[in-house]
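Hi everyone, thanks for coming. I'd like to walk you through the ligand site and then the pockets, so please have a look at this with me.

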Amino acid sequence: MPAGNLIIKNAAQVATFSGRNACRGAAMAELQVIEAGAVVIEDGIIRAVGPGRQILPRFDPEGFNVIDAAGKAVLPGFIDSHTHFVFGGYRPEEFAWRLAGTSYMEIMQRGGGIANTMAATRAASRKALVESGRHRLDAMLAMGVTTVEGKSGYGLDLETEIRQLEVMAELDRDHPMDVAATFLGAHAVPPEYKGRTDDYIDFIIERVLPEVARRKLAHNCDVFCERNVFSVSQSRRLLRKAKDLGFKLKLHADEIASLGGAELAAELGAVSADHLLQASAEGITAMAQADVVATLLPATAFSLKELYAPAREMIDNGCAVALATDFNPGSSFTFSIPLIMALATLHMGLTPEESLCAMTLNGAAALGRADTVGSLEAGKQGDVVILAYPSYLFIPYHLGINIVETVVKKGVVVHNGVRSDEGTIKKKRGLPC
Ligand code: NIG
Ligand code: FE
């Protein structure tokens with residue numbers, strides 16, 4: 001039986017968005033739900049999606065592995081389009097300081113925060129970073145994530161930035177997860193450049209960025225555009241150079257102060273602007289007009305006890321919204337997809353359908369990959385999630401609880417949870433929780 005040939009049949013529902021671009025505005029609610037659905041994957045690529053009785057007669061099951069998904073919902077693999085999953089060390093004491101009233105930016109200005117993880121990452125061996133990175137990818141895969149973005153930005157020097165990106169390249173090769181690497185050399189000003197932010201930007205532009213481009217170690221370039229970190233003009237200078245070198249652009253924008261990061265993302269034609277808690281009305285309009293995906297990170301707002309980004313205003317003004325975990329050792333220590341979808345629906349005004357769009361097709365668009373992943377339709381990669389329950393509605397309703405049973409990558413089962421046998425569930429265990 002060739003690996004990558006798989007039929008999933010009898011699904012209670014196959015639920016997916018469709019298209020090769022992000023869904024914007026009202027289109028984010030246009031979820032297709034196919035009852036008694038089936039998905040046929042051949043050589044890792046989806047050949048057909050639809051009601052089983054219509055599409056299955058076209059294929060000889062002899063050449064396929066077959067999964068009976070009776071009682072289960074079948075969805076596209078989730079896309080976590082904003083994470084910082086390669087890092088050394090941990091920062092639990094900072095969590096406690098924030099609980100006691102010190103802000104994230106105060107901790108950063110005192111030399112903690114990103115600089116704290118920078119020191120631990122510089123000290124970590126490549127092997128240690130690969131090992132911890134692999135464990136994190138395993139856990140994300142079990143949550144149904146089939147494509148993840150990962151950022152550098154904890155080296156802040158040539159050697160360690162490159163090492164972080166090489167670790168992601170190795171994991172992309174060796175792990176079932178697709179890893180989209182983003183160069184975030186402008187994540188913070190390292191101690192050796194304290195007070196010389198422009199010199200640090202020059203160093204990134206002249207020394208690091210060309211090396212990353214030459215070795216094709218990253219697809220995207222990102223910057224932390226924030227008051228007391230990198231200004232709009234410093235960010236513009238860096239991102240223009242990155243664009244010239246062929247990188248897709250992303251920004252940490254308007255997270256704590258409303259600086260005009262959303263407007264800058266629109267001006268430069270970025271694939272996404274991320275965080276956006278303080279995005280202005282003009283910035284929201286500009287992103288909608290320039291097709292910039294607004295990537296919202298509710299777990300960061302939750303963890304920092306900030307107000308959530310104005311998601312409803314963005315969707316109602318025609319933006320494409322994506323959701324991501326922002327998994328990192330400081331502001332958002334989570335890779336729980338169901339937690340993100342619960343926060344987005346309960347606190348940001350997204351409907352369950354919009355939150356699913358944001359976690360799948362729009363996440364793919366935020367990586368410039370909506371032509372190959374993010375939805376279940378003929379011609380795309382066979383990346384599929386099978387839930388232990390019959391509807392996508394169970395995800396945000398199960399607050400932070402993982403209900404993913406089976407994960408398929410390019411037509412191959414790469415994760416099978418304990419609840420894989422429907423008969424076993426009914427006879428011995430009942431529903432999982
Ligand atoms: O997206 N805001 C900047 N960067 C990360 C946090 C990184 C860290 O604190 O280690 C973020 O929240
Ligand atoms: Fe981030």
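**Ligand 1 and the pockets**

Let's begin with the shell around ligand 1, whose residues divide into four nonpolar, eight polar and three charged. Do keep in mind that this is a predicted model.

Which residues are the closest to ligand 1? They are Arg-91, Tyr-104, Tyr-154, His-275 and Ser-331, out of 15 that surround the ligand.

Now the polar contacts. Tyr-104 has a polar side-chain atom 2.5 Å from an oxygen atom of ligand 1. For His-252, a polar side-chain atom lies 3.0 Å from an oxygen atom of the ligand. His-84 also takes part, with a side-chain N or O atom 3.4 Å from an oxygen atom of ligand 1. Ligand 1 taken alone exposes 330 Å², and the protein buries 100% of that. And where does ligand 1 sit? In the largest cavity.

On to the pockets, then. The largest pocket has a volume of about 390 Å³. It is lined by 16 residues, and Met-108, Gln-109, Gly-111, Val-189 and Lys-194 are the closest to its centre. Two elements, α3 (104–109) and α4 (114–123), each give two or more residues to that lining, with the largest share, three residues, coming from α3. By class, the lining of the largest pocket has nine nonpolar, six polar and one charged residues.

The second largest pocket comes in at about 220 Å³. Its lining has 18 residues, and Asn-21, Ala-22, Asp-291, Val-293 and Ala-365 lie nearest the centre. Here the classes are ten nonpolar, three polar and five charged.

That's my tour, thanks for listening!

How values were computed: Residues are numbered from 1 along each chain as its sequence is written. Chains are lettered from A and ligands numbered from 1 in the order in which they are written. This is a predicted model: local features need pLDDT of at least 70, side-chain atom pairs count only at pLDDT 80 or more; totals for chains, interfaces and linings use all residues. Side-chain values use heavy atoms; hydrogens and water are left out. On a 1 Å grid over the protein atoms alone, a cavity is a set of points where a 1.4 Å probe fits but cannot get out, and a pocket is an open set with protein on both sides within 12 Å along at least five of seven lines; lining residues have an atom within 4 Å of a point. Grid points are joined across faces, edges and corners, and a volume is the space filled by probe spheres set on the points. Helices (H or I, at least four residues) and strands (E, at least two) are DSSP runs, numbered from the N terminus. Ala, Val, Leu, Ile, Met, Phe, Trp, Tyr, Cys and Pro count as nonpolar, Asp, Glu, Lys and Arg as charged, and the others, Gly among them, as polar. A residue is near a molecule or strand if one of its heavy atoms lies within 4 Å of it. A polar contact is a pair of N or O atoms within 3.5 Å; within protein, one must be able to donate a hydrogen and the other to accept it, and residues adjacent in sequence count only if both atoms are side-chain atoms. Accessible areas come from the Shrake-Rupley method with a 1.4 Å probe; for residues, only the protein chains shown count as cover. A molecule sits in a cavity or pocket if more than half of its atoms lie within 2 Å of its grid points.
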